[in-house]
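User: Please take a close look at how the domains of chain A are arranged and at the packing that surrounds them. A connected account would be preferred to a list.

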Amino acid sequence: MVNLVEIRDLKVEATTDSGRRVEIINGVSFDIAKGEIVALIGESGSGKTTIALTLMGHARPGCRISGGSVSVAGKDMVTLSEKQRARVRGTEVTYVPQSAAAAFNPATTIMDQVIEVTRIHGIMSSDEARARAVELFRALSLPEPETIGSRYPHQVSGGQLQRLSAAMALIGDPKLVIFDEPTTALDVTTQIEVLRAFKSVMKNGGIAGVYVSHDLAVVAQIADRIVVLKGGETKEIGTTEEILNGAKHPYTRELLAAFEPKPRGAAGAAESGPAPLLEIENLIAGYGQAQADGLPLVRAVEHVSLKVEKGRNLGIIGESGCGKSTLARAIAGILPAAIGKIVFDGKELGRSARERSRDELREMQIVFQYADTALNPAKSVEDILARPLTFYHGMNAKARSARIDELLDMVRLPRNLRHRRPGELSGGQKQRVNFARALAADPKLILCDEITSALDTVVAAAVIDLLKELQRELGLSYIFISHDLSVVEAICDEIVVMYGGRKVEEISPEKIKTPEHPYSQLLFSSVPRLDPTWLDGLEQDPELVRAYRRR
Amino acid sequence: MTMTNSETKADRISGTRLGYRFNIIGMVGLSVILFWALIAIFAPLIIPYPVGEIVDLDYFGPMSRDFWLGSDYLGRDMLSRILMGARYTVGISLAAVTIACFSGVMLGMFAAVAGGWLDTVLSRFLDALNSIPSKLFGLVVVAAVGSSIPVLILTLSVIYIPGAYRFARALAVNINAMDFITVARIRGESTLYLIRSEILPNIVGPVLADLGIRFVFIVLLLSGLSFLGLGVQPPYADWGALVRENIGGLPFGAPAVMAPSFAIASLTISVNLLIDNLPKKIRDRSE
């Protein structure tokens with residue numbers, strides 16, 4: 001049987017600004033049969049997206065395909081001219097990007113963008129294309145398939161937009177669709193719908209796919225075969241069953257191990273101090289003009305109360321829009337709460353950061369989700385870490401330098417990294433620097449706002465282990481905000497589930513298998529498992545799903 | 001994909017040893033600017049004839065051994081006048097652009113960081129200033145207080161502050177929304193620190209490019225003012241004034257009208273070439 005795609009000994013190299021050449025992809029070979037979905041899995045920087053893009057003959061700026069062949073339906077994409085490639089793109093090979101929100105043009109209607117491919121290639125008349133698009137919308141189980149096309153991209157939700165971008169990819173009747181982490185940015189409950197839609201459309205149409213992801217559990221639901229990549233080389237290729245049940249390569253095992261729930265070891269008995277470290281009572285925070293009753297127009301957090309004991313961790317879990325990040329911002333004083341009491345270490349804090357003393361600010365640090373934007377790209381790691389040392393502790397140059405070395409050791413980064421800028425670090429390294437900056441202040445409490453969600457599973461697991469270790473050594477407390485249940489489970493002593501700005505349930509990790517509140521049940525059951533039959537076997541109460549899925 | 005080869009070749013030639021990459025186009029720009037700066041400084045020592053003196057019997061004389069760039073509409077030596085003109089064009093424009101960009105960028109960053117009513121008041125005020133046509137504004141000021149070099153410098157910088165302000169504010173507002181600014185704020189940092197250490201390093205590239213463009217505008221506006229007779233006063237003349245004086249020589253193809261035009265072009269183009277090709281620090285040191 002002739003394979004649809006045959007990649008042989010593919011090499012891609014990049015040229016750095018000093019003229020040095022770096023091999024990003026080093027001799028990768030694999031095949032894709034007709035109608036087969038192959039997943040490329042690996043950490044960021046492993047070259048999975050680069051390989052996927054070569055299937056369209058594309059290399060990102062500064063990179064070039066330096067060797068090997070990529071044959072798609074008998075054509076070698078490497079040797080085709082740019083004009084010939086353009087003819088193949090959109091008709092034979094199509095692409096679904098990671099962030100559909102960034103991939104749509106906000107100024108034209110969805111329908112116009114979905115059928116644009118047919119117009120460019122002159123495949124069918126505009127009316128036929130519209131009809132076909134509506135069919136696809138229906139197949140992708142989008143709501144109101146007849147009229148959704150006349151909306152603009154901002155008028156539909158993230159999960160719907162991701163399915164619409166799949167419709168855009170499918171309208172040209174491709175033989176191969178490239179999915180580049182299409183569900184990474186979505187909530188777990190939304191992810192289920194999107195995955196289901198993708199799976200049924202691909203199977204019914206007999207279309208081959210390449211699914212790029214770092215999430216093994218997601219991949220297990222949709223892929224027939226898995227290619228494990230690391231450092232631009234294939235580590236292991238096998239069917240989904242083989243990889244999940246009999247992984248041979250140590251790196252694959254590491255990936256699988258990162259999924260094993262690692263319950264937090266018996267937490268050191270909570271210091272039976274008289275007062276908790278942080279106590280929040282009846283907090284309301286939100287955005288927009290204050291109304292007559294002194295409350296903000298849009299209330300993102302409503303009547304939330306919680307308590308963090310010294311040396312213990314609190315997890316806050318919920319989907320995007322549930323108010324968990326706003327809660328963290330209100331606690332840190334970035335967004336002053338409208339009503340509520342924040343008592344930290346026995347003292348009541350001002351609602352806004354401006355009203356707090358320097359020491360109060362120092363003792364509570366916040367670490368943000370995106371290390372990319374949380375670190376000043378124009379400064380070196382050394383400068384970033386030095387500032388809190390000067391600012392809070394007034395250290396001189398020598399003491400600072402010694403402390404920076406200590407901090408880098410603490411977060412397991414090599415000391416010679418201090419001269420680099422954030423742009424020259426990997427995602428995991430950046431997040432460690434981000435965390436080291438919080439440690440530099442010698443805090444008592446660190447608010448971690450989704451700090452692992454931008455990281456790959458293996459890296460995230462390493463960061464979590466690091467946090468646990470530092471807690472043992474330094475006696476810190478964390479408030480850990482996440483949408484990822486397994487992460488929270490791994491580190492927290494107490495878990496708060498939030499929905500629509502309210503605290504719906506507070507449970508301990510032991511009882512996590514049997515949540516009481518229906519929303520918690522829905523949320524917990526939506527987390528993908530490392531079981532290829534999980535998605536097909538999953539049954540959720542449709543009433544429950546409708547009630548809690550606002551998107 | 002193929003362009004990478006030619007690029008690396010060009011890089012090799014220039015100082016990669018120092019850890020900086022400075023390409024040839026940038027060097028050419030820099031040398032032209034340095035050339036004009038030196039001329040501006042040493043002009044009185046090297047001019048062959050006094051600026052105001054009529055030395056040629058013919059007007060709009062051609063290039064000759066005595067008069068390298070010919071003579072102007074009164075028979076004065078063109079070379080001497082251009083060399084002296086460099087002082088005014090380079091000096092006034094440089095001073096004005098420095099004042100304009102420094103104040104505009106500082107105010108812009110301040111407005112972005114402070115926000116609120118301060119931002120609104122400052123923005124509306126500078127918008128109002130911006131709405132006055134620049135030539136008209138220059139005309140009124142010069143008519144009111146007379147033309148002198150400090151007045152010219154100040155007028156030109158006031159005209160270009162709103163533009164620099166808008167530009168810097170737009171850039172700074174984007175940076176201000178980043179998490180690292182929030183981190184610095186809740187650390188308790190002052191506005192001055194935010195401006196200087198967190199925002200400025202991130203916008204300095206575009207700000208410099210803007211400075212280059214604004215320099216060109218100022219040279220052209222100064223030339224325009226001089227063209228109207230409001231700029232540098234006779235017998236001295238900046239390059240713009242030289243073009244105006246000698247515009248009558250255009251039908252004869254006199255060098256007196258070409259030479260100052262080329263001088264203006266060479267300076268403004270090189271400033272932009274330099275700014276687009278500033279030395280870049282090479283970050284990839286793993287070799």
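Analyst: The domain assignment, which is automatic or taken from a database, divides chain A into domain 1 (5-257) and domain 2 (308-510). This is a predicted model, in which local features need pLDDT of at least 70 and side-chain atom pairs count only at pLDDT 80 or more, while totals for chains, interfaces and linings use all residues. Residues are numbered from 1 along each chain as its sequence is written, and chains are lettered from A and ligands numbered from 1 in the order in which they are written.

Taken over C-alpha atoms, the centres of domain 1 and domain 2 of chain A are 34 Å apart. Eleven residues of domain 1 of chain A and nine residues of domain 2 of chain A make up the contact, where two residues are in contact if their C-beta atoms, placed from the backbone, lie within 7 Å. On the side of domain 1 of chain A that touches domain 2, the elements giving two or more residues are helix H8 (188-205) and helix H11 (250-257) of chain A; helices are DSSP runs of H or I with at least four residues, and strands are runs of E with at least two, numbered from the N terminus. The residues of that side of domain 1 of chain A comprise three nonpolar, four polar and four charged. In this division, Ala, Val, Leu, Ile, Met, Phe, Trp, Tyr, Cys and Pro are nonpolar, Asp, Glu, Lys and Arg are charged, and the others, including Gly, are polar.

The two domains also share in the largest nonpolar core, which draws at least three residues from each of domain 1 (5-257) and domain 2 (308-510) of chain A. Such a core is a set of buried Ala, Val, Leu, Ile, Met, Phe, Trp, Tyr and Cys residues joined through C-beta atoms within 7 Å; a residue is buried if 20 or more other C-beta atoms lie within 10 Å of its own. This core has 230 residues, and Leu55(A), Ala167(A), Val210(A) and Ile479(A) have the most contacts inside it. Its largest share, 19 residues, is supplied by helix H3 (residues 78-114) of chain B. Beyond its neighbours within four places in sequence, Val210(A) has contacts that include Ile32(A), Leu55(A), Leu176(A) and Phe179(A).

Within the bounds of domain 2 of chain A, helix H12 (residues 324-332) of chain A is mostly covered, with nine of its nine residues buried. Among them are Lys324(A) and Arg329(A). Gly333(A), just after H12(A), adopts a positive phi of about 90 degrees.

Note on methods:
A residue is buried if 20 or more other C-beta atoms lie within 10 Å of its own, exposed if 12 or fewer, and partly exposed in between; C-beta atoms are placed from the backbone.
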